[in-house]
Every structure is written in C-alpha cells, then in structure tokens.
Amino acid sequence: MSEIEKFKSEKNDNVNIPDSLPLLPVRDIIIYPAMVLPLSIGRNKSVKALEEAMSMSRLIFIVTQKNIQIEDPNPNDIYNVGTVCEILQILKMPDNTLKALLEGINRAQWTDFKLNDKGYIEVGLKIFAEKIEHTTEIEAIMRHSISLFEQYIKLNPRIPIELSVSVGNIEDPSKLADTIASHLVIKNIDKQILLELINPIKRLEKLIQILNKEIEILNIEKRIQARVRNQIEKTQKEYYLTEQLKAIQKELKQKDDIQKDIDELREKFNKTEIPKNVQGIAEKEIKRLEKMMLISPEATVIRTYLDWLLELPWLKATSDNLDIIRAEKILNKDHYGLQKVKDRILEYLAVLSRVNKIKGPILCFVGPPGVGKTSIAKSIANSLGRNFVRISMGGIKDESEMRGHRRTYIGAMPGKIIQSIRRAQANNPVFLLDEIDKIGLDWRSDPSAALLEILDPEQNYAFNDHYIDINFDLSNVMFIATANTLTTIPETLLDRLEFIRFSGYTDTEKYFIAKNFIIPKQTTEHGLKDHELTISNNALQSLIENYTREAGVRNLTREIANICRKVVMYFEKNKKSNLTIITPKNLNKYLGIAQYTRERISENDIGVVTGLAWTEFGGEVLTIEVNKMKGKNPLVLTGKLGDVMKESAQAALTYVRSIITKFNINDSIFEETEFHLHVPEGAVPKDGPSAGIAIATALASICMNKPVKSKIAMTGEVTLRGRILGIGGLKEKILAAYREGIKVVLCPISNNRDLVDIPKEVKKKIHIITVAHMDEVIPIAIKL
C-alpha cells in the first residue's frame with residue numbers, strides 16, 4: 001500500500017468544516033475533492049497558515065491564483081471557488097520551507113478575506129453540498145465519460161493504463177468527474193471551470209466536451225507523429241540501403257555515382273595546375289564531400305565551389321604576340337584613325353618585349369557614342385594575341401555583383417570579375433569595363449568602391465572575391481574602361497585611370513570608315529555579293545551629310561544596313577539579282593526624305609550669334625538670341641539655362657556696359673531697355689561658361705544695332721573685364737562647326753595646344769582665330 005493510499009484509508013470521512021479557515025493560495029495547481037496531492041510551501045504567509053491549520057483542525061482552504069507571477073496576492077488575484085483540504089502530513093525542510101501532503105474534501109467559496117494578527121490570511125467559507133439521485137440518464141452520462149476517458153488514456157502515454165480500471169469502479173458521479181478532471185492535461189482555466197460547476201451532471205457534460213476536444217487533438221498529434229516517424233524511417237532506410245550498396249559495390253569493385261563524381265573531381269584536381277594554397281583548400285573540400293550524403297544541400301554547395309576553384313585559370317596565361325608590325329597592321333585594318341590609342345598599345349608592346357612583366361595599363365576611352373571605343377578594345381586583344389572579355393557596368397548597383405556573395409547565402413555565385421576571368425580561360429585577358437560612367441549607386445553599397453581595388457596595379461595582385469575567398473592575381477589583366485563623360489565617375493576612381501579621348505569623326509573620316517569598313521561588313525552580313533550592290537561616292541557623301549548628324553557612325557551603319565535590306569528584299573521578290581547602284585538621285589527611294597539640312601541653325605544677325613557647346617554625345621552648335629524692348633528689368637534669361645550659364649550672361653552684360661565709350665554705345669539704352677536672352681530648344685538643359693563670348697557678342701550687337709557676320713561661330717568664357725578664358729572639348733566643338741558649314745571659329749588663345757588635334761581637312765575649311773580679349777572679338781565678329 002502506497003503512502004497516499006495509507007493516509008486515505010486512515011482519515012476520518014466525517015469531517016466537520018468550520019465557517020472560516022486559513023487560506024493557502026497556490027500558483028498553478030487545481031485540487032479537486034478526493035484528490036491527494038503533495039505541495040511545497042515557501043511563502044511566509046502560506047507557511048504560517050499551514051502551521052496554524054496543523055495546530056487546529058488540520059483543515060486549510062486551497063485556492064488557485066489567476067496570475068502565477070504575483071508573489072503576494074490580494075482578493076482580486078485569486079479565484080472565488082477553491083477546495084477545503086485536510087493536511088495528511090507535513091514535513092519541515094532545512095531551508096525553512098514546508099512540504100505537505102493534502103487531500104481535497106469539499107468545494108467551497110470564500111467570503112471574507114482578512115489578514116489576522118498571526119500573519120496569515122483567513123477567509124470565511126460557504127460550503128457547497130452535493131446531493132444527487134442516481135437515474136438512468138446519470139448512468140448513461142457516467143458510462144460515456146468513462147468510455148471517452150479510456151480513449152484519452154490510450155492516446156496519452158503520460159497517463160497509466162491501469163487508471164481506466166479504477167475509474168470504471170467509481171459509482172459516485174461527482175467523484176467520477178473530479179477524478180477524471182484531476183488526470184486531464186488541460187489548461188488551469190478549464191480545470192477551474194470544472195471546479196466551479198457544483199452540479200455533477202453539468203460537470204460531467206462539460207467534461208465530455210473537453211474530452212472530445214482533447215481526443216481530437218491527440219488524434220491529430222498521433223497522425224503528425226506517424227508521418228514524421230515514417231519520413232525518418234524512410235530516410236534511415238535509404239541511408240542503410242545506400243551504405244549496403246556501397247559495401248556491395250566495394251566488394252564487386254564497382255563505383256556509385258557519388259564516388260564517380262568524387263573520382264572525377266580528384267582526377268581534375270590532379271591534372272589542373274593551381275597554386276599550393278588553392279590545392280590545400282580544394283583537397284580539404286574534397287575530403288568533406290566524401291563524408292557527405294548526396295542528398296545533403298551542403299554537398300551541392302561544396303561541389304559547385306570545387307568546380308569554380310578547379311576551372312579558374314590560376315596559372316594559365318596566353319602568350320603575348322610582341323610583333324609590333326603585325327599589331328599595327330591589325331589595328332589599322334580594323335579601325336580608321338584613332339592614332340593615339342594605337343600608339344599607346346604599340347608602346348605597351350615595345351616595353352613588354354624588353355622586360356618580362358610590366359604592370360598592365362588601366363586605360364579609359366572617353367568619347368561620344370559610336371566612335372569605336374568598344375570595338376577597338378576587341379582589336380587590341382586581337383593584336384596582342386590575348387583573349388577578350390567584356391562586362392557592361394551600366395545599372396550595376398551592388399558591390400556584390402563585382403565581388404560575389406559569400407557561400408553562406410543560397411544560390412551564391414562569384415562576382416562578374418571572377419566569372420569573366422573563368423570565361424576568358426586565361427589570367428591575362430583584355431578586360432573591357434564598358435560604360436563605366438553608367439555605374440549605379442545604391443543605399444546598400446557602392447560598386448565603384450570594389451573597382452578601386454580592381455583597377456589599382458598596387459592592389460589587384462591579391463583580389464579577393466567573397467565567394468572564392470582566395471586571393472586571385474589580376475595584375476596581368478589589361479583593363480580597359482569606356483565612358484561617355486567623366487562627370488559621373490568618382491574622383492578616387494578617376495585617379496586610377498589613364499584617359500584617351502575619342503573625338504567625333506569628320507565627314508571625310510566617316511566617308512573612309514563607311515567605304516572601307518561599314519559597307520563591306522554590311523553587304524556580307526546581308527548576303528550580298530560585290531557585283532550586286534554599289535553605293536556611289538556622291539551617294540555616300542549625301543548619306544553622311546543629309547541622313548546622319550552624329551559624332552560617331554552608328555546611325556550611318558543603320559542607314560547602310562537599311563539600304564542592304566531593301567536591296568535584298570527586291571531581289572527575293574523578283575527572284576533575280578542584278579547590279580544595284582545607289583546614287584544621290586535614288587537615295588530617297590531607299591531611305592526616304594533627307595532628315596537634315598544645312599539651314600538647321602539661325603543665320604547670324606543683329607543680336608543673333610552662333611555658339612559652340614560640348615555634350616557627352618559630341619559637339620553641338622547652338623544659337624544665342626538677344627532682343628530688346630522698353631522695360632526696367634535689365635536681363636531676362638530663358639531656354640532652360642543652368643546657374644553657371646546665367647552668371648556668364650550677367651558677366652557679359654556688365655562687360656558690354658563697361659565698353660560704351662570705346663564702341664560708341666548710347667548709355668541711356670541700359671536705363672530704358674530690357675534685354676531678353678534666349679537659347680533655342682528650350683526643353684534641353686544648357687549650362688557651362690563657354691557661351692560667355694557668344695552672349696557678350698550678341699549683347700554688344702543689339703546695343704550697337706549692328707549685325708554679326710555670317711558663318712562665324714565662337715566659344716570661350718568671358719570675365720567681367722573682358723578676358724577670354726580657356727574651355728574644354730574644343731575639337732568636338734570645331735567638328736560640330738565643320739558639320740554645320742561654319743567658315744570662321746573664334747576660340748580662347750589658351751586653347752592653342754588643342755589645335756594640334758584638329759584634322760587637317762577641317763583646318764582647310766575653317767579659319768580658326770584665337771583671341772585673348774573681347775576687344776579683339778567685337779571687331780572680328782560684328783560689322784562695324
């Protein structure tokens with residue numbers, strides 16, 4: 001007989017319960033009548049209450065707290081209904097806490113809550129009497145409750161199966177409900193609800209609801225556990241069979257797929273020439289892979305990583321062809337002009353032929369679109385005998401696109417630099433970073449920061465990609481960047497680049513490029529033979545002048561391709577081919593009406609001057625217009641002008657007002673007249689100081705009421721005192737003037753050094769005059 005059963009058999013069933021008893025609040029336990037339970041008591045008030053009860057009637061009132069965190073509960077912190085319990089045994093522990101064995105006797109509700117002089121809480125009690133007659137309905141409810149509880153016991157392994165026998169022998173419905181409730185693993189709030197139901201029938205009905213819900217939950221848990229167990233068993237079975245298969249294959253000297261892959265990796269590892277530090281890492285990863293299962297996600301990551309390690313050209317390089325004569329022939333064959341670029345490559349080859357290794361130049365080709373920046377990079381690779389790779393920098397916003405992602409991320413890959421090196425299959429390719437000025441800037445990271453290391457010969461010998469995580473030598477790579485403008489490239493990156501500027505082509509240069517390069521290429525691409533299409537010299541000249549207006553030759557290429565397509569379509573429709581000659585007369589038959597004419601800009605006149613501007617697409621010709629009217633506002637500026645250009649206009653006006661005596665300008669004109677300066681194409685933003693000389697000339701012309709000479713254009717910054725300062729992009733501006741048929745160009749004397757780059761044919765057509773002061777400009781530009 002157990003201790004609890006011993007106490008239950010010895011206790012007196014006829015216990016008289018007094019009207020008030022000491023209160024013992026408990027944290028997370030619900031005690032039902034006829035339930036025997038051990039408790040540990042440590043709170044001071046609870047210890048005193050237990051000792052007082054033990055010295056008196058051995059009875060104590062147990063009630064549960066609503067919140068177990070409260071240390072000293074008040075009336076609002078405990079439930080109204082609890083259980084009167086008899087103290088069966090009490091034991092004092094060394095730490096002054098008590099252990100008590102209690103048995104529930106009857107339900108009760110406390111009424112008065114007070115702290116007495118002895119330091120414990122005493123409450124008044126309202127005892128609930130339970131009287132019920134046995135009927136057929138009660139018997140049915142009891143049997144149903146017992147049946148559900150037996151199902152619950154079978155589903156819940158925490159409850160001993162023998163309990164169903166003792167529960168089945170209980171005849172009292174109240175005791176049956178309390179016994180079942182005391183063994184249910186449910187929330188305290190549900191147990192409290194059962195405690196507060198005095199009527200045994202209602203208590204059993206509530207118990208049936210709870211049992212049905214718990215049985216349903218336990219069934220779901222059982223299904224989940226079975227599903228998980230089946231999956232685990234399946235995995236274990238696969239592993240066991242795999243291991244058995246390995247053992248069988250080993251006996252038969254056969255290899256499974258995993259071992260074949262590992263053997264292939266080892267064979268590749270032994271054949272590949274890689275540095276010692278890479279060998280150690282690869283060997284370590286192969287050993288890790290051998291210990292893993294094929295289905296492991298980590299195995300896939302390691303396999304991909306090993307593929308990258310073994311396929312990178314760590315020590316593999318192409319041999320440079322150092323024949324300068326051959327290289328020069330290739331460059332001249334592929335491109336017309338671009339002498340500076342060609343000379344720089346030939347210089348590199350000449351030095352390389354004398355030393356074993358030099359730091360690769362970091363060239364940056366800057367110029368308008370369509371002038372051959374990208375295509376000449378391919379020719380450079382061809383002339384050197386190196387492989388060529390290209391990545392477009394436009395739109396790259398994340399540094400990880402350059403450096404790669406760490407292998408901890410799902411789907412991680414190396415950056416574009418390492419990917420391109422692998423594609424090149426050599427560690428010394430010609431590497432083109434196209435459109436480097438279009439690189440993006442994101443709040444997460446700055447891709448240009450990664451380029452600082454890549455494009456620095458002092459650092460790129462140990463480039464570290466986040467995915468590979470091993471230093472890779474990029475010092476043998478010949479990096480070439482292209483850009484349309486330098487304004488969007490960070491200063492720190494500009495410092496690492498060697499710039500070669502590409503100017504726009506003259507009409508004569510376009511003519512030779514089309515004749516020698518574009519037409520042969522397009523006829524071949526469109527399947528035309530030499531005897532099927534001829535574009536006359538005059539037609540080609542007309543095509544350049546009237547159908548294209550650009551610094552490069554992209555539109556020219558498109559128009560020639562357009563002619564080829566129409567000729568091929570004609571041949572296919574008529575099922576015959578004969579010689580087609582394109583002349584100026586039939587050119588519009590293939591290309592439509594001419595898009596451009598020489599009368600595009602306004603002729604110079606009183607207050608109208610032709611200025612020159614530079615854009616990232618090449619040089620442009622613009623018209624400066626000034627008109628006067630009565631008014632008090634000295635100067636009105638329109639045409640979407642930038643702040644710098646507005647300040648240039650103010651400086652020009654100040655200069656003109658200062659020369660009224662020298663050029664006989666009426667002083668009263670500035671007091672009564674309002675000047676309106678406008679630069680046409682108002683939707684296009686314009687800025688920069690180089691229009692200062694043209695603005696000053698236009699203001700002087702309107703004030704003197706004398707026209708500006710025709711076919712003259714000018715560029716330069718003007719100061720308040722009339723000095724003319726140097727500007728940039730002179731070659732592009734003069735080429736724009738040449739395309740417009742300008743005969744005279746005025747430019748700053750400090751730009752004399754730039755005149756060397758002007759093609760001879762342009763100098764023959766345009767008279768270039770360098771000036772140092774506005775006092776020189778006015779007599780040349782205005783008809784005095």
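These are my notebook entries on a predicted model, covering helices, salt bridges, empty space and backbone angles.

**Entry 1. Helix α22**

I checked the length of helix α22, residues 643-658, against its residue count. With 16 residues at 1.5 Å a residue, the helix should span 22 Å. I found its end C-alpha atoms 23 Å apart, which agrees with that expectation. I then listed which residues of α22 are buried: M645, S648, A649, A651, A652, L653, Y655 and V656. For reading such a list I keep in mind that an α-helix has 3.6 residues a turn, so residues three or four places apart point the same way.

**Entry 2. Helix α19**

Next I took helix α19, residues 537-546. Its buried residues are A539, L540, S542, L543 and I544. What do the buried residues of α19 pack against? I get three helices and two strands by label: α18 (507-525), α20 (554-574) and α21 (587-591), along with β14 (533-535) and β15 (580-582).

**Entry 3. Salt bridges**

I searched the whole structure for salt bridges and got 18. I wrote down several of them with the accessibility of each partner.

K118 and E52 meet through their side chains at 3.3 Å, N to O. This pair links distant parts of the chain, with their positions 66 residues apart in the numbering. K118 sits in the loop between β5 (98-115) and β6 (121-127), and E52 in helix α2, residues 44-55. Are the two partners buried or exposed? K118 is exposed, at 51% relative accessible area, whereas E52 counts as buried at 14%. The cut-off for exposed is over 50%, so I note the value for K118 along with its class.

R403 and E399 form another salt bridge, with the closest N and O atoms 3.1 Å apart. R403 is buried, with a relative accessible area of 12%. E399 is partly exposed at 23%.

K438 is bridged to D437, and here the closest N and O atoms are 2.9 Å apart. D437 is buried, at 5% relative accessible area. K438 is partly exposed, at 34%. I also looked for bridges with shared partners, and these join R107, D178 and R203 into one network.

**Entry 4. S174**

I looked up S174, which is found in helix α5, residues 173-183. S174 is buried, with a relative accessible area of 7%. Leaving out residues up to four places away in sequence, S174 touches R107, E130, P200 and R203. Two of these names, R107 and R203, I had already written down as members of the salt-bridge network.

**Entry 5. Cavities**

I turned to enclosed space. Rolling a probe the size of a water molecule over the atoms shows where empty space is left. I count 2 cavities of 30 Å³ or more in the structure. The second largest has a volume of about 30 Å³. Its lining consists of I31, I62, V63, T64, V81, G82, T83, Q192 and L195. The elements that give two or more residues to this lining are β3 (59-64), β4 (81-92) and α6 (188-196). By class, I have 5 nonpolar and 4 polar residues in the lining, and no charged ones.

**Entry 6. The second largest pocket**

For open space I looked at the second largest pocket, which holds about 790 Å³. Its lining has 28 residues, and H335, G372, S375, K521 and V553 lie nearest its centre. Elements giving two or more residues to this lining are α13 (373-384), α18 and α20. Which element gives the most to the lining of this pocket? I find that α18 does, with 7 residues. Sorted by class, the lining of the pocket has 8 nonpolar, 11 polar and 9 charged residues. Both α18 and α20 also appear in my entry on α19, as elements that its buried residues pack against.

**Entry 7. Positive phi**

Last, I checked backbone angles. Most residues other than glycine have a negative phi. I noted A34, which is not a glycine but has a positive phi of about 70 degrees. A34 lies in the loop between β1 (20-26) and β2 (36-41), and is partly exposed at 33% relative accessible area. I also noted K711, again not a glycine, with a positive phi of about 60 degrees. K711 is placed in the loop between α24 (692-704) and β20 (712-714). At 35% relative accessibility, K711 counts as partly exposed.

Technical notes. Residues numbered from 1 in each chain as written. Predicted model: local features only at pLDDT ≥ 70, side-chain atom pairs only at ≥ 80, totals over all residues. Heavy atoms only, no water. Helix = DSSP H or I, 4+ residues; strand = E, 2+ residues; numbered from the N terminus. Expected span 1.5 Å × (residues − 1). Buried < 20%, exposed > 50% of the residue type's maximum accessible area, 1.4 Å probe, protein only. 1 Å grid on protein atoms, 1.4 Å probe; cavity = no way out; pocket = protein on both sides within 12 Å on 5 of 7 lines; lining within 4 Å. Points joined across faces, edges and corners; volume = space filled by probe spheres on them. Nonpolar A, V, L, I, M, F, W, Y, C, P; charged D, E, K, R; others polar. Contact = heavy atoms within 4.5 Å. Salt bridge = Lys/Arg side-chain N within 4 Å of Asp/Glu carboxyl O.
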